[in-house]
Amino acid sequence: MSDSKWIVEGSAANFMQVAIEASHAAPVLVDFWATWCGPCKALGPILEKLAIEFDGAFTLVKIDTDVEQQLAASLGIQSLPTCKLVIGGQLVDEFSGALPEAELRRFLAHHGIGAGPVEDVALTSAKRALEQGDLDGAERCLREGAARLAGETGPSAAESAGDVGLMLSAVVAERGDTAGALAILDELAPSVQESERGRALRAKLHLGAERADDSELAALVAAVEAAPDDLAARVTLGRALAAAGRHAEALRMLMDTIHVDRTFGEGSARVAMLEVFDALGADSDLVHEYRRELQTALFV
């Protein structure tokens, strides 16, 4: 058994303390098992893993029924493995058999316990990896989370699948694979793609694909300075500035192009501005400022 403080060996002598009294501070899941029980051997390691991963959201109390036969009988244990959930000193739920990890997570999440369903754990693990600069680890966590979610149903699973997919797409893009990131985004549910976060990510990916190095950007600036009436060059420079993160300059360049000819290139400057708006998000001060100016230029 693990030496984690969240995993406790239970007995008749300490049951009241570790399973009942302790449940007033945090939920307690009591696992009744035996060494000869095959399903117990499958379930036990998963329960221990979750107890460690959830880091105090619940305590796992393990009771060997071969050793604690009287205790098991007094609690009505008829099959193994059996797990009983105790909260606030009361038995609130139980299950028998070796449930798979996803179902165990749902069981715990149903009672508001722990890090939440498996997809949230994938996100948390990926964020931790990113904080350590481990892009490979983050991608691995997210791909594992996405694979587990593929068989899940219901609104909660769909929402979490979208969260995992969006983050996976962003991580793949961070590794320099814009095409791969767009492919992942394209596989997500339409509602996810059309959400504010989905549109923002797609805009960033499109703009990122047009990122120019310093010499290329300098050449675009020179081209516009040499031919200020070349609207195509101005739109190209505006998009390049946005891709470089110089959003204020980009929006000014594109807005000035629209003031000259709002229909140029089938509205290419307007389309570019809308992509920048999506990339920055609706709460951006720049978006508020330039959205008003764009509306005036287009409709007055």
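Colleague: Which elements make a right-handed β-α-β unit here?

Modeller: This is a predicted model. In it, strand E2, helix H2 and strand E3 form a right-handed β-α-β unit. Helix H2 covers residues 38-54, strand E2 covers residues 28-33, and strand E3 covers residues 59-64.

Colleague: In what sense do E2 and E3 pair, parallel or antiparallel?

Modeller: E2 and E3 pair in the parallel sense, over six bridges. Within this pairing, Val28 stands opposite Thr59 of E3.

Colleague: And what about Thr59, is that residue buried or exposed?

Modeller: Thr59 is buried, because its relative accessible area is 14% and the cut-off for buried is under 20%.

Colleague: Which residues is Thr59 in contact with?

Modeller: Setting aside neighbours within four places in sequence, Thr59 is in contact with Trp6, Val8, Pro27, Val28 and Leu29.

Colleague: Back to E2: how many of its residues are buried?

Modeller: Five of the six residues of E2 are buried, which leaves the strand mostly covered.

Colleague: In what sense does E2 pair with E4, parallel or antiparallel?

Modeller: E2 and strand E4, residues 82-87, pair in the antiparallel sense over five bridges. As an example, the bridge partner of Val30 in E4 is Lys84.

Colleague: How many bridges join E4 to E5?

Modeller: Six bridges join E4 to E5, and these two strands run antiparallel. Leu85 stands opposite Asp93 in E5.

Colleague: Which residue takes a positive phi in the hairpin of E4 and E5?

Modeller: That residue is Gly88, with a phi near 60 degrees. The hairpin has two residues between its strands.

Colleague: Changing topic, how many aromatic pairs does a search of the whole structure find?

Modeller: The search finds two aromatic pairs. One is formed by Phe54 and Phe58, with 6.0 Å from centre to centre and 90 degrees between the planes, an edge-to-face arrangement.

Colleague: Are Phe54 and Phe58 buried or exposed?

Modeller: Phe54 counts as buried at 6% relative accessibility, and Phe58 is buried with a relative accessible area of 1%.

Colleague: What about the rings of Phe95 and Phe107, how are they arranged?

Modeller: Their centres are 5.0 Å apart and their planes stand at 75 degrees, so the pair is edge-to-face. This pair links distant parts of the chain: Phe95 belongs to strand E5, residues 90-96, and Phe107 belongs to helix H4, residues 101-110, with their positions 12 residues apart in sequence.

Colleague: Are Phe95 and Phe107 buried or exposed?

Modeller: Phe95 counts as buried at 9% relative accessibility. Phe107 is buried as well, with a relative accessible area of 11%.

Colleague: Now helix H13, please. How many residues does H13 have, and how far does the helix reach?

Modeller: H13, residues 247-260, has 14 residues and reaches 20 Å from its first C-alpha to its last. That is close to the 20 Å expected at 1.5 Å a residue.

Colleague: Which residues of H13 are buried, and what do they pack against?

Modeller: The buried residues are Ala250, Leu251, Met253, Leu254, Met255, Thr257 and Ile258. They pack against helix H11 (214-226), helix H12 (231-243), helix H14 (264-280) and helix H15 (285-299).

Colleague: Which members of the largest nonpolar core touch the most other members?

Modeller: Of the 27 residues in that core, Met255, Ile258, Met273 and Phe277 do so. Helix H10 (196-208), H11, H12, H13, H14 and H15 are the elements that give two or more residues to the core. H12 supplies the largest share, seven residues.

Colleague: What does Ile258 touch?

Modeller: Not counting residues up to four places away in sequence, Ile258 touches Ala269, Arg270, Met273, Leu294, Ala297 and Leu298. Apart from the largest core lies another core, of 21 residues, with Leu123, Ala129, Met167 and Leu182 among them.

Colleague: One last residue: where does Asp278 lie, and which residues is Asp278 in contact with?

Modeller: Asp278 lies in helix H14 and counts as partly exposed at 25% relative accessibility. Leaving aside neighbours within four places in sequence, Asp278 is in contact with Arg199, Ala200 and Ala203. Asp278 and Leu298 are 20 residues apart in sequence and 19 Å apart in space, C-alpha to C-alpha.

Definitions and conventions. Residues numbered from 1 in each chain as written. Predicted model: local features only at pLDDT ≥ 70, side-chain atom pairs only at ≥ 80, totals over all residues. Heavy atoms only, no water. Phe/Tyr/Trp six-rings, centres within 6.5 Å; stacked < 30°, edge-to-face > 60°. Buried < 20%, exposed > 50% of the residue type's maximum accessible area, 1.4 Å probe, protein only. Helix = DSSP H or I, 4+ residues; strand = E, 2+ residues; numbered from the N terminus. Pairing = 2+ DSSP bridges. Right-handed = clockwise from strand over helix to strand, strands pointing away. Expected span 1.5 Å × (residues − 1). Contact = heavy atoms within 4.5 Å. Core = buried A, V, L, I, M, F, W, Y, C linked by side-chain atoms within 4.5 Å.
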